[in-house]
Amino acid sequence: MKAVNHYMIVKNIKTGPKKVAGLIMTDETDADNRYIKADVISTGNLVEGVKEKDVVYYDKVAGHDVRYNDTLYRVIRSGDVVLIDT
């Protein structure tokens, strides 16, 4: 599976529940978090600044899901990435 042009294929990183002020915050209760952390699986030939195996944050409303070999991936545009975790 290979991304093309300005697209990227990412796999979301599931984070465990975290405690905030004694309350356990799960993905469902953390609605204020606008960005999702993901591993980059593939980048298109026109993507600059991001490479495979980088960890990125992107807007949670960006892209669409693709199921490939029973694994769920997300296809996003390179412009949807807000930061690269170094």
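## Strands and their pairing

Two strands count as paired if DSSP finds at least two bridges between them. In this predicted model, A38 has V56 in β5 as its bridge partner. The strands β4 and β5 pair in the antiparallel sense, over 5 bridges. β4 also pairs with β1, again antiparallel and over 5 bridges, and here V10 stands opposite V40 in β4.

## The chain as a whole

Let's step back for a moment. The chain has 8 strands and 0 helices, so its pattern along the sequence reads β-β-β-β-β-β-β-β. Of its 86 residues, 27% count as buried.

Contacts in the chain often join distant parts of the sequence: among those with a separation of 6 or more, 60% are between residues 24 or more positions apart. The accessible surface comes to about 6,100 Å², and carbon and sulfur atoms account for 51% of that.

## The largest nonpolar core

Now for the inside. The largest nonpolar core has 11 residues: M8, V10, A38, V40, V47, V50, V56, Y58, A62, I76 and V81. Two or more of these residues come from each of β1 (7-12), β4 and β5. In soluble globular proteins, nonpolar side chains tend to be buried together.

The bridge partners A38 and V56 are both members of this core, and so are V10 and V40, which stand opposite each other. Y58, another core member, touches V10, A38, I76 and V81 among others. Its list of contacts, which leaves out residues up to four places away in sequence, also includes N12, R34, R74 and D80.

## A buried aspartate

Is D54 buried or exposed? D54 is buried, because its relative accessible area is 12% and the cut-off for buried is under 20%. This aspartate is found in the loop between β4 (35-43) and β5 (55-59).

Not counting residues up to four places away in sequence, D54 touches A38, D39, V40, G49 and I84. Of these neighbours, A38 and V40 also belong to the largest nonpolar core.

## A nonpolar patch on the surface

Turning to the outside, you can find a nonpolar patch made of M1, I41 and Y68. Together these residues have about 260 Å² of accessible area.

M1 lies in the segment before β1. With a relative accessibility of 42%, M1 counts as partly exposed, because that value falls between the limits of 20% for buried and 50% for exposed.

Note on methods: Residues are numbered from 1 along each chain as its sequence is written. This is a predicted model: local features need pLDDT of at least 70, side-chain atom pairs count only at pLDDT 80 or more; totals for chains, interfaces and linings use all residues. Side-chain values use heavy atoms; hydrogens and water are left out. Helices (H or I, at least four residues) and strands (E, at least two) are DSSP runs, numbered from the N terminus. Buried means under 20% relative accessible area, exposed over 50%, partly exposed in between (1.4 Å probe, protein chains only). Contact means heavy atoms within 4.5 Å. A nonpolar core is a set of buried Ala, Val, Leu, Ile, Met, Phe, Trp, Tyr and Cys residues joined through side-chain atoms within 4.5 Å. Patches are made of residues with over 30% relative accessible area and no salt bridge: like charges are joined within 9 Å, nonpolar side chains (Val, Leu, Ile, Met, Phe, Trp, Tyr) within 5 Å. Accessible areas come from the Shrake-Rupley method with a 1.4 Å probe; for residues, only the protein chains shown count as cover. A salt bridge is a side-chain nitrogen of Lys or Arg within 4 Å of a carboxyl oxygen of Asp or Glu.
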